Number of protein chains: 2
Amino acid sequence: MSNYRDDQIKHFADVFKALSNHNRLRMFLHLVTCCVPGTVGSFDAETGVSACVGDLGRDLEIVPSTVSHHIKELHRAGLIRMERRGQKIECWVDPVILRGLARFFQEPLK
Amino acid sequence: MSNYRDDQIKHFADVFKALSNHNRLRMFLHLVTCCVPGTVGSFDAETGVSACVGDLGRDLEIVPSTVSHHIKELHRAGLIRMERRGQKIECWVDPVILRGLARFFQEPLK
DNA sequence: TCGATAGTTCGACATATATCGAAATATAAT
DNA sequence: ATTATATTTCGATATATGTCGAACTATCGA
């Protein structure tokens, strides 16, 4: 037996699981702060700040295979979006889910 | 080497871990909706709605030892407060952390 | 003091997770 | 074509987690 509310709870539990790992939360915050929400790629050629997989690993000192694994988790949970740009794969935080999460703690599921 | 920001990230990762389990999130939401925030005990004699460990287990169909285990986790993460009232132990959600979480997604750690 | 009720702790088990390095795949540049 | 760069997949390993039932502890009421 499954209902809408329970599915919603499962969804949020899944999102929180994605954010429950130290490195994953660091990656998420890095993406939130370095990327213009909603801007695909969100690459700043001036400062060199970007959000591709490799940069995340370099900035946060996590090996590529681990970054890849975590990125996949964040994506699976719907927290980030990704798009190939040549060799690189750019990621950015989905602003919609960010608002949804703020709301969750303001007026939790009734 | 550890800094303030990183400690904050660890703290939030810990909070999200507490909310990442389906049953634990259900318990948390149950407490949020059935309890007057900040009211110790938050017991409504009229409706019979309460928030003690046993009631949680009954309402959500989770065996006592599991409820106890999850309550401990929620408490450890600072999400709930508990107070003994005779035989029962009443729990309620800390409204401060609820606001802190809403804020986290509005203006994530810079 | 004894029995009932409420909650915790313990031990066991199955399952999930985080991490790494090596090998594989995809794209771009020469 | 070959090489360099970027990312993913795979396999291994260590560690953490969720759940249960049984045994234990605490508090109340008769």
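Reader: What makes B:H70 a polar contact of DNA strand D?

Author: In this predicted model, an N or O atom in the side chain of B:H70 is 2.5 Å from a phosphate oxygen of DNA strand D. A polar contact is a pair of N or O atoms within 3.5 Å (within protein, one must be able to donate a hydrogen and the other to accept it, and residues adjacent in sequence count only if both atoms are side-chain atoms), so this pair qualifies. A:V53 does it with its backbone: a polar atom there is 3.4 Å from a phosphate oxygen of strand D. B:S65 goes for a base instead, with a polar side-chain atom 3.3 Å from a base oxygen.

Reader: How do you know which residues are near DNA strand D?

Author: A residue is near a strand if one of its heavy atoms lies within 4 Å of it. There are 22 such residues around strand D, and the closest are A:G54, A:S68, A:Q87, B:R24 and B:H70. On the DNA side, sugar and phosphate make up 75% of the strand D atoms that come within 4 Å of the protein.

Reader: Why is the relation between chain A and chain B called a two-fold axis?

Author: Superposed by least squares on C-alpha atoms (residues with pLDDT of at least 70 in both), chain A lands on chain B with an RMSD of 0.0 Å after a turn of 180° and a shift of 0.0 Å along the axis. That is why we speak of a two-fold axis. The same surface serves both copies, too: 96% of the contact residues of chain A recur in chain B (contact means heavy atoms within 4.5 Å).

Reader: What makes up the area buried between chain A and chain B?

Author: Buried area is the accessible area (1.4 Å probe) that two parts lose on being put together, summed over both. Here that comes to about 2,300 Å², 78% of it on carbon and sulfur atoms. A:H22, A:L29 and A:F105 supply 27% of what chain A buries against chain B, more than any other three residues.

Reader: How many salt bridges cross that interface?

Author: The rule wants a side-chain nitrogen of Lys or Arg within 4 Å of a carboxyl oxygen of Asp or Glu, and it finds 0 between chain A and chain B.

Reader: Any ground rules?

Author: Residues count from 1 along each chain as written, chains are lettered from A and ligands numbered from 1 in the order written. Local features need pLDDT of at least 70 and side-chain atom pairs 80 or more, while totals for chains, interfaces and linings use all residues; side-chain values use heavy atoms, leaving out hydrogens and water.
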